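These are my notes from a session with one structure. I went through single residues, then helices, cores and the main pocket.

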Amino acid sequence: MLANYEVDLHGHTNRSDGSATPEEFIKDAVRRGVKVCAITDHDVIPPRTITIDGEEKDIQLYAREQGVELMLGIEVSCETYIDDTHIVCFGCDWDDPFFKELDDFTIRSKVNNYRQLTEALTEKGMPIDWSEVLENNGNPIPEDQVQKKMIFELMARKGYFDKWSDAKLYVKNAKDLVGKREKPDAAYVIREAHRTGGYVIMAHPHLVSEPVLYQGYKIHRSVYIEHLIEAGLDGIEASYTYDKTSYSGKLTKEEIIDEIREYYGDRLFISGGSDYHADGKKGVKNPREIGDCGITMEEFLANERLVSLLPPR
């Protein structure tokens, strides 16, 4: 089935917690009729090359040969005490020392906190061994590639919850499980991304639960977003697969799109994406498909900055 949108600016491969290789990701986009897609893996800089039949190629040029334009980005998990604050950065200088420091910081933070989470879940009567997490449902990974979603998926596979998203909500709302893992300040990430030439978009704003606990104060989500705008935020995601993830609010996808456009359309680029993880390959029912959400080609082409990040023709 063809995608709902020709442009999808939010997606993941097996370089973080997705199930598709970068090559499979590109082919999935072509199969769905997507014209512009984006690899925005969690907390890891994007791949600049791809190996096809033993030959290393520029990944954006390879994607173009297959029939789709590929954007390269990173989705940075931010804010220790504000769940799901994710900042998508495009067009950065990926060789800048900031990204090596971010990588080292994130790996230490994730491994320490996620091991503690498995121990806490075991004490709660949901036994999970760290080796099971790294086994990753038959796709073994090293510790430095572990993602929290892998724990949620394991909780579902072991029958503790029906779906990974239910497991995520349980962990998100269980205040006595384990402390939050340390994450960078979102405003700092925005400033550093800009310093390295980047363009910055806030992902899935309505996954950020209210009230927001920021610097010891409880504030409305909109107040927090204003803080990010003051820090230099360039765009915000409106069209997103809230119906296929851990969203617990009352608004429909369409109502969220209308709200985001009304509040921020005159100040920010209105982005969109599916948050594609190729979950169908893991047997997830009704998985997010690439192009389920996104923006139109006209909206993308009107953003000269993003268009400039594609290879020249």
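**Entry 1: Cys37**

I started with Cys37, which is found in strand β2. The model is a predicted one, and I kept that in mind throughout. I looked up whether Cys37 is buried or exposed. Cys37 has a relative accessible area of 0%; the cut-off for buried is under 20%, so Cys37 is buried. Not counting residues up to four places away in sequence, I listed its contacts as Asp8, Phe25, Ala29, Val68, Glu69, Leu70, Met71 and Ile290. I also checked His10, which is 27 residues from Cys37 along the chain, with 7.4 Å between the two C-alpha atoms.

**Entry 2: helix α2**

I went on to helix α2, which covers residues 59-66. Its buried residues are Ile59, Gln60, Tyr62, Ala63 and Arg64. What do they pack against? I found α1 (22-31) and the strands β2 (36-42), β3 (49-52), β4 (55-58) and β5 (69-78). At the start of α2, I noted a side-chain oxygen of Asp58 within 2.9 Å of the backbone nitrogen of Gln60. Just after the helix, Gly67 has a positive phi of about 110 degrees.

**Entry 3: Thr85 and Val212**

I placed Thr85 in strand β6, residues 85-90. Its relative accessible area is 0%, so I entered Thr85 as buried. A polar atom of the Thr85 side chain lies 3.2 Å from the backbone oxygen of Ile82. Leaving out residues up to four places away in sequence, Thr85 touches Val76, Ser77, Cys78, Glu79, Ala186, Val208 and Tyr224.

I then turned to Val212, in strand β8 (residues 212-214). Val212 also counts as buried, at 0% relative accessibility. Ile82 and Tyr224 came up again, this time among the contacts of Val212. The others are Tyr217, Lys218, Ile219 and Arg221, with neighbours within four places in sequence left aside. Val212 and Tyr224 are 12 residues apart in sequence, and I read 7.4 Å from C-alpha to C-alpha.

**Entry 4: nonpolar cores**

Which residues have the most contacts inside the largest nonpolar core? I got Ile87, Cys89 and Met202, in a core of 39 residues. Helix α7 (residues 186-195) gives the most to this core, with 5 residues. For Cys89, I listed contacts with Leu72, Gly73, Ile74, Val76, Trp94, Val189, Ala193, Tyr199 and Val200, leaving aside neighbours within four places in sequence. Apart from this core lies another, of 23 residues, and I noted Tyr114, Ile128, Phe161 and Val171 among them.

**Entry 5: helix α6 and the pocket**

I looked up the buried residues of helix α6 (residues 164-173) and found Trp164, Ser165, Ala167, Lys168, Val171 and Lys172. They lie on the same side of α6, because they cover an arc of only 155 degrees around the axis. I found them packing against α3 (97-123) and α5 (148-157).

Last, I took the largest pocket, which holds about 610 Å³ of space. Its lining has 35 residues, and those closest to the centre are Asp84, Lys148, Phe152, Lys168 and Lys183. I asked which element gives the most to the lining. That is α6, with 4 residues. β5, α3, α5 and α6 each supply at least two residues of the lining. I closed the notebook on Lys168, buried in α6 and listed among the residues closest to the pocket centre.

Conventions: Residues are numbered from 1 along each chain as its sequence is written. This is a predicted model: local features need pLDDT of at least 70, side-chain atom pairs count only at pLDDT 80 or more; totals for chains, interfaces and linings use all residues. Side-chain values use heavy atoms; hydrogens and water are left out. Buried means under 20% relative accessible area, exposed over 50%, partly exposed in between (1.4 Å probe, protein chains only). Contact means heavy atoms within 4.5 Å. A polar contact is a pair of N or O atoms within 3.5 Å; within protein, one must be able to donate a hydrogen and the other to accept it, and residues adjacent in sequence count only if both atoms are side-chain atoms. A nonpolar core is a set of buried Ala, Val, Leu, Ile, Met, Phe, Trp, Tyr and Cys residues joined through side-chain atoms within 4.5 Å. The arc is that of the directions from the helix axis to the C-beta atoms. On a 1 Å grid over the protein atoms alone, a cavity is a set of points where a 1.4 Å probe fits but cannot get out, and a pocket is an open set with protein on both sides within 12 Å along at least five of seven lines; lining residues have an atom within 4 Å of a point. Grid points are joined across faces, edges and corners, and a volume is the space filled by probe spheres set on the points.
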